Amino acid sequence: MPISFEGCGFGYHRGSRVFTDLELSLPEGRTALLGPNGSGKSTLLCLAASLLHPRTGRVRYRGLDPARRRDRARYRALVGWMPQGIRPLPGLTVREQVGYAGWLKGMPRRTAWRRSLAALETVELASLADRRCSELSGGQLRRVGLAQTLVHEAEVILLDEPTAGLDPAQRERFHEIMAQVGERSHLIVSTHDVQDLADAYGSVVVLDEGRVGYAGPVAGLMAHGGDTPAESIEHAYRRLVAQEV
Amino acid sequence: MPLHRWLRSSAAVAAFPFMIAYLIFVLGGSVEFLEDNWLSATVLVSSAGVLAMGPVCAAAGAWEGARLARGRIGGGVPVRPPVLVLAWSAWPILGGAAAGLLGAFLVLAAAMADVPGTPDPSVLAVALLVILAWTLVGFAVGRYAHPLLGVPLLLVGTWLWLAYPAALETFWVRHLTGNNLGFCCETHTVFHPGALYAQAIVATALAGAAMLAWARGGRTRRVWAGIAALPLAAAAVAIPLVRDMGPEAQVPRSDALVCGEREGIEVCLWPERGKRLDFAARTVVPAARRLSAGSGLPLPGRITEGPADGATSWRFAVPPGADGDDVVFGLATSLLPAEPPVCGPGWSGAEAYRPLSAWLALTAGAGHDVVGRRTGPQALDVAQRTLARPPTEQMRWFRHNLVALSRCDTAPREVSAL
């Protein structure tokens, strides 16, 4: 079941427009959102997460419109959202943080607590379950953020630049975990990283100044040329967003 | 997550010892004002509880509010509504406050062991509502202010709001805060319902404004206007309820009395003391006859714990644990004016109070020991010398000094010990 944006218009301030009449469908599987800074990737994810609501049009998933109050809780229960900055609740341990996130997502306390350990195992942080979040590295905190999106077994997981600022080893580890997660959930990730796009994602959306430059399979983007898949994607991406090659 | 896990990181854990220590301090200074009824005990506990725990709970709320804001709870697109998220963080604080109130009751329980009755639930409910309101205000402030600012602001600000109005000569302010319950009430009075309503209205409006600020604050000007309008509307409703009250928020009790008759005189007690009606009648009716005969005052048709006019009805009290002498002493001294007249400096009428008390009590049949203990040896000496005189002279002495107690232009006579 895709997430669809039907004629969505959105701007942060009166008179400004990030999206105008956006028509987009994000298919099941793993989808990468590409685009330069300010192209609307994070805004699109915020709309999909129901953190923001479109001024015109609507977002729909499984027939639910999160802008409608009566649909919002059910919609949010289906969606996991990891913003760029992970800000754990001060004083909580890693497992408490993940368990609390599960409770916030509507799970009973006991269930959330039980599943928090499984979520931490998925992101390979179970050994740090009793450590304070404030003692974790940036990469570990990102994995806590990912565990928070997994604890309630969301159907759709939205990750906003999850590997930005991580060193290569941490980034590789995070990609491995995302690959596992993507096998059982609908994963939508905004990223600037095109290196392993072909291996990690099934489809890609390229955004530029609020417009969809490309939306379709990664293979379709690669057809635009280049000696390697990464080069092909980068070449196509730069052409789509009008950057110099 | 398990409750103990959630409690571990809650500000309530750090705040609780301070709450209890301050509560014990406030309660220790107030317990001497405890009357012989449960309303007085309830008011004492709620008053001390609100003053001691309100500011600490507000500060703890500010800490927790800031904690939730720093954790960007809303940014995680929660399914749980903001009210529930707040309630989950607030319950350890409010649970601590409720435990504090319960503990205070247990401390007072020993002093109230023989007193029939139960705590007044409405007074307790308003006290908890006031604490809840300030805790929520703390959360709302914590959402927008750094804890280094929010916590001391709430701690000091709430304490000032609760404590300072008692020092103002504008009495109605103190009746809005929730801490003005003070030392109400003697057995024949009850807490003024208007003050209770006013406090409940103000606390509810504060809680509502805080919830609005917590759940929807920062979105639109209309929301902020609503947040400001709620306390203002509450003030507009609550102030007229308390504007004309004096320093104490109490009114005469209007419960039905339990009455019986003995030798043609009706004797009435408050319902919770009804079991001692027979004892009271056996004690006060003969004492009233002796008083009437000795003082020349007409025998009343009614002797009551309720309102009395001093002529056709006399007032007395049967507090828990009181023996016959205590009851007779109370009946005898109820014939004296309750308050002195407003006279300038040099008024000497007060000198008659103790000798008259002693003479009336001895005339009514109270034991010398009790009278001496309550009025002092000099007053007892004056009373005994007066009693040795002929009855008509005793009556003249009594009537003259009774006038001296209630008028500024009459000096007392023969009230000094030799």
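A residue counts as buried here when its relative accessible area is under 20%. Keep that cut-off in mind as you move through this predicted model, beginning where chain A meets chain B.

**Stop 1: the interface as a whole**

Colour the two chains separately and show the residues that touch across the boundary. You should find 28 residues of chain A in contact with 25 residues of chain B. Together the chains bury about 2,500 Å² between them, and 58% of that area is on carbon and sulfur atoms. Which three residues of chain A should you select here, as those that supply more of its buried area than any other three? Pick Arg87(A), Trp103(A) and Arg109(A), which supply 25% of the area that chain A buries against chain B.

Now switch on polar contacts. Across this interface there are 13 residue pairs in polar contact, both partners being at pLDDT 80 or more. To see which helices of chain A take part, highlight helix 2 (69–78), helix 3 (94–104) and helix 4 (109–122): each supplies at least two residues of the side that touches chain B.

**Stop 2: charges that cross the boundary**

Side chains of opposite charge can pair when their charged atoms come close. Between chain A and chain B the count is 3 salt bridges, while the whole structure holds 23 over all chains.

Select Glu96(A) and Arg5(B). Their side chains form a salt bridge at 3.2 Å, N to O. Glu96(A) lies in helix 3 of chain A and Arg5(B) in helix 1 (residues 3–8) of chain B, so this pair joins two chains. Buried or exposed: what are Glu96(A) and Arg5(B)? Both are buried, so each has a relative accessible area under 20%.

Keep Arg5(B) selected and add Asp130(A). These side chains also meet in a salt bridge, at 3.4 Å from N to O. Add Arg8(B) as well, and you have a network of salt bridges that links Glu96(A), Asp130(A), Arg5(B) and Arg8(B).

For a salt bridge within chain A, go to Arg131(A) and Glu135(A), which pair at 4.0 Å, N to O. Arg131(A) is partly exposed, with 36% relative accessibility.

**Stop 3: an aromatic cluster shared by the chains**

Next, select Tyr100(A), Trp103(A), Trp6(B), Trp88(B) and Trp91(B), which form one aromatic cluster. You have met Trp103(A) already, as one of the three residues named for their share of chain A's buried area.

Centre the view on Trp6(B) and show Arg67(B). The charged end of Arg67(B) sits over the ring of Trp6(B), 5.6 Å from its centre. Arg67(B) also has a salt bridge to Glu64(B), at 3.0 Å from N to O. The two are 3 residues apart in helix 3 (residues 38–70) of chain B, separated by about one helical turn. Arg67(B) and Glu64(B) are both buried.

For another charge over a ring, jump to Arg253(B) and Trp270(B): here the charged end of the arginine sits 4.2 Å from the ring centre.

**Stop 4: two ring pairs in chain B**

Over all chains, the count is 12 aromatic pairs. Start with Tyr22(B) and Phe25(B), whose ring centres are 6.2 Å apart and whose planes meet at 15°, so the pair is stacked. They are 3 residues apart in helix 2 (residues 11–30) of chain B, which puts about one helical turn between them. Switch on the surface and look at each: Tyr22(B) is partly exposed at 25% relative accessibility, whereas Phe25(B) is exposed at 61%.

Then move to Trp359(B) and Trp397(B). Their ring centres are 5.9 Å apart with planes at 65°, so this pair is edge-to-face. It links distant parts of the chain, 38 residues apart: Trp359(B) is in helix 12 (residues 353–364) and Trp397(B) in helix 15 (residues 391–406). Trp359(B) is buried, at 0% relative accessible area, and Trp397(B) is buried at 3%.

**Stop 5: the surroundings of Phe329(B)**

Finish at Phe329(B), in helix 11 (residues 324–333) of chain B. Phe329(B) is buried, with 9% relative accessibility. What does Phe329(B) touch, not counting residues up to four places away in sequence? Show Ala361(B), Val371(B), Arg374(B) and Thr375(B) to see those contacts. For a last distance check, draw a line between the C-alpha atoms of Phe329(B) and Pro355(B): they are 13 Å apart, with their positions 26 residues apart along the chain.

Key: Residues numbered from 1 in each chain as written. Chains lettered and ligands numbered in written order. Predicted model: local features only at pLDDT ≥ 70, side-chain atom pairs only at ≥ 80, totals over all residues. Heavy atoms only, no water. Phe/Tyr/Trp six-rings, centres within 6.5 Å; stacked < 30°, edge-to-face > 60°. Helix = DSSP H or I, 4+ residues; strand = E, 2+ residues; numbered from the N terminus. Buried < 20%, exposed > 50% of the residue type's maximum accessible area, 1.4 Å probe, protein only. Lys NZ or Arg CZ within 6 Å of the ring centre and 35° of its normal. Contact = heavy atoms within 4.5 Å. Buried area = accessible area lost by both parts, 1.4 Å probe. Polar contact = N/O pair within 3.5 Å; in protein donor to acceptor, adjacent residues only side chain to side chain.
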